[in-house]
Amino acid sequence: MKKFLLISVFLLVILYSCSPDEETQAPTNNVQTTTPEPVAVVAQYTVTITTSERGSVSIPGGTYNEGTEIAVSASAADGYKFTGWSDGNNLIERQITVNEDIVLEANFDLKYSSYNLNINHPQKDEIFKNLSISSNSSVMFKKNGFQHIISNPANPRGEFESLLPTIHLVKNEGWNVSNYYDIGMSFGGRDESKINDDYDYLFADHGTEVWFGGGEGRPYNNVLVAKNIDLNNIEWIKVNQKRSFYHDASSGDLNGDGLYDVVAIHLGGTNSTDYLDKIYYHTFLQNTDGTFTQDYNTIKFYGSQRPSYDCWKFSKEVSDCTGIIRGSVLIKDINGDNKPEIIGGAYTHNPEWDTPIEVENSFEIFSDPDDDGIYEKLNFLPRMGWLEKDALGTDEIKSYDYDNDGDEDLFVGIEGNFDGPYTGTADFNGIQIFDNDGSGNFSFSGIEIPFDDIRIARFDLFDVDQDNDLDIVFSANLFIDLGTISGSGAGSSYYYNGQNRLFKELQNNNEDDEWNDTLIDFDELIFYNEGGSYLKKNMGNKVMIEKGKANINSNFVGRGVETVNSSIIDGKLIFYLYKTGLDENRNLTLDIIEFEAKTLN
Ligand SMILES: [Ca+2]
Ligand SMILES: [Ca+2]
Ligand SMILES: [Ca+2]
Ligand SMILES: [Ca+2]
C-alpha cells in the first residue's frame, strides 16, 4: 500500500510538470486555463491487528492516513485472560497513532497455572485414577513460607479393597511429592478439619465402601491426626484403637488440661465387640505424650450406657436417648460460657424402625457446666429443615456467627436422597444454616444452598472478599456428578448433558478430539456473606481448562478434571484441582491446576 501511495504522488508530480507543456502545445485554445492548486500529499499506512481464538479485537485494522489516532481494544474469550499486545503494551483499551505500517497481535492465555506431577510409586496409575475421592479430605495450606497439599487417594468402591498411600506434596517452583504414607486411609478420608494454627489436621475415615462393589466385609477405619507437618515429614497419630465407620470427627479441649481431645462419630458400624463401642459417639482424650485414650464417661448417657437403639427400646426415659444415627459432630462453645459443647448431627431416619419421636432429632447438644468432665444433655432439637426428610443426613458441622448477634450459628452439610426412601441413592447435597438463640437452641434460619447436580465434597468458611465476615466456598468431586445414573455411566452425567452448573461448556480440543476443553465457572462455588445473607456473584471466574474432560466416546470418559478444592493462600482464594490426562505414549498423567479467583470488585 505504501508503494501505491508513492506511485500516486509521483503521478501527481508528473501531471503538474506536464501542464505547462500542454499549455504550450495548445495555444489555439482560447479557454482560459487556471494553474491547478497544489494538493496536500498525505501518506497512508496499513494497520493489521490479529488475535488467536482465545480472544477478539475491536477492529481488524485497515488503511489510515498518517497521523490518524485509532482506538483498539482486546477482549478475552470466556475462560481466557488478556496478557498484552505483541509490542509490549498491556492496556486492554489503547490508542494507536498511525505513523507507519503496524502489525499488532493481542495475546491471551489460560487463566490458571498447571503443574505436571511426577509420581514415582508402584501404584502410580491407581493413585492418579483415585484422587477424585480425595476431594473430601484434600487440604492445602501455607506454612513457614511453603505451600503444602495432603491428599488421600483411595479406591472407593471397587470389587477389592485397595489401599493407596496418602501423599504429601510441597510446592517449590512446581509441585513435588515430599513423602508417601501408608496409613491406610481407605475412603480417602471422609472428613477433615484443621485443629490449630500450627496446621495440624484431623481426618476421619469411614473405610472403603467395598461391599457396594460386590466385595466382602466392611473394612471400618480410623481417625488420624496429622501433626508437626514440615517440608519432609508428617507425624501421624492414630486416635482410635478399634476401627469403626467414622463419618466425622471434631477436636477441642474437653477436660480443660490444655490438650485438644477428639470426638468421632461413627454411622452405626464398628468391628469392636465391646457393647459400649456401638454408641455413635467415641470420645478420645489426649494424653501428655500426644497419644489418645478412648473414654466412655465423658458423654453421659442416661440410665446406663447404651447404644441409642437399645436406649430407645429399653429405656423408660426415651427422651434421654441419643438420636437414631449420627453423621456429624462438632466441638464448640455455642452458649458463650467459654466452655465447649459437643454437638451431634442426625443422619437418616427410617420410618420402618418405628422409633419414638424423641429420638428422631436433628441435633443433640451436650455440655459440662459444672466442670466435672462429664457432658450432660443440654438440648435435643426436633427434626427441622432438610432433616425432616427421611433420607437426608448430616455429614459436617461448622459454626460461625454469620448474623453477627454474638452467638455461634451452625453451618451443616447435608447429603442423601431428597425425596426418596432412606435407601435411595444420593441425588442431593448442600448446606443449611441453623440460628442460635444464644443458649444452645437452634432453629432453621431459612438459609440453604442446595446442589442437585454436583457432588459437593465439602464446604469451607473463608473471608474471600476481605470484609471481615466469613463467606462459603464449596469443594466438589468432578469425576462423577449427581446426574450419573448407576449402570448408564458418565453418558447420563449432567456435565456431558449441559446441566451441571460448573461445566458451562465442553468444546472439542483443537489438537486432540479425544478430549474436551472445559469451561468451569468457579463463581458457582462461592457464596458471599452480605449482611447475613449468602449470595453468588458473577466475578468473571469462568476458566477454560484445556482437556478438562475426556470426550464422551473416549476410553477415558469422565477423566480430566476430577476434583476441585480451595484454600486461602496469602489472603487470596485459590482453587486447586487434580486433572488426569494422557501423555504421548498414552500413559496416565496428573496435573495440579491452581486458579486464583477474583473475589473483589
Ligand atoms: Ca483435653
Ligand atoms: Ca459452652
Ligand atoms: Ca449468631
Ligand atoms: Ca467476607
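The secondary structure of the protein comprises three helices and 38 strands. The radius of gyration is 33 Å, well over the 25 Å that the globule rule gives for 601 residues, so the protein is more spread out than a compact globule. The model is a predicted one. Along its principal axes, the C-alpha trace spans about 135 × 55 × 45 Å. Of the 601 residues, 42% count as buried. Contacts between residues at least 6 apart in sequence were also examined. Among these, 53% join residues at least 24 apart.

Confidence was assessed next. The pLDDT of the protein averages 90, and 91% of the residues score at least 70. Over residues 1-28, the pLDDT is below 50. Beyond near neighbours in sequence, this stretch has twelve contacts in the model.

Strands 2, 4 and 6 form an open sheet. Their order is 2-4-6, and the pairing is antiparallel. Strand 2 (55-57) and strand 6 (93-97) stand at the edges. Each has a single partner strand, so one side of each is left without a neighbour in the sheet. From one strand to the next, the twist averages 25°. Strand 2 is joined to strand 4 (residues 69-76) by three bridges. The two strands run antiparallel. One of the residues involved is Gly55, whose bridge partner in strand 4 is Ala76.

Another open sheet has four strands, in the order 9-10-11-12. Here too the pairing is antiparallel. The edges are strand 9 (139-143) and strand 12 (174-181). Each of these has a single partner strand, so one side of each lacks a neighbour in the sheet. The twist in this sheet averages 25° from one strand to the next. Strand 11 (residues 166-172) pairs with strand 12 in the antiparallel sense, over seven bridges. Within this pair, Lys171 has Trp175 of strand 12 as its bridge partner. In a regular strand, side chains alternate between the two faces of the sheet.

Two hairpins were also examined. In one, strand 13 (residues 191-194) and strand 14 (residues 201-204) run antiparallel and are joined by four bridges. Glu192 stands opposite Phe203 in strand 14. Six residues lie between the strands of this hairpin. In the hairpin, Tyr199 takes a positive phi near 60°. In the other, strand 31 and strand 32 have six residues between them. Strand 31 (residues 503-508) and strand 32 (residues 515-521) run antiparallel, with five bridges joining them. Phe503 faces a partner across this pair: the residue opposite is Ile520 in strand 32.

The interior was examined last. In soluble globular proteins, nonpolar side chains tend to be buried together. The largest nonpolar core of this model has 125 residues. Of these, Ala249 and Val262 touch the most other members. Neighbours within four places in sequence aside, Val262 is in contact with Leu202, Val223, Val239, Ala249, Ser251, Phe284 and Phe292. Ala249 is thus both a contact of Val262 and, with Val262, one of the two core residues that touch the most other members.

Note on methods: Residues numbered from 1 in each chain as written. Chains lettered and ligands numbered in written order. Predicted model: local features only at pLDDT ≥ 70, side-chain atom pairs only at ≥ 80, totals over all residues. Rg over C-alpha atoms; globule rule 2.2 N^0.38 Å. Buried ≥ 20, exposed ≤ 12 C-beta atoms within 10 Å, placed from the backbone. Contact = placed C-beta atoms within 7 Å. Pairing = 2+ DSSP bridges. Axes fitted to C-alpha atoms, helices over the stretch in contact; angles between N-to-C directions. Core = buried A, V, L, I, M, F, W, Y, C linked by C-beta atoms within 7 Å. pLDDT = per-residue confidence, 0-100.
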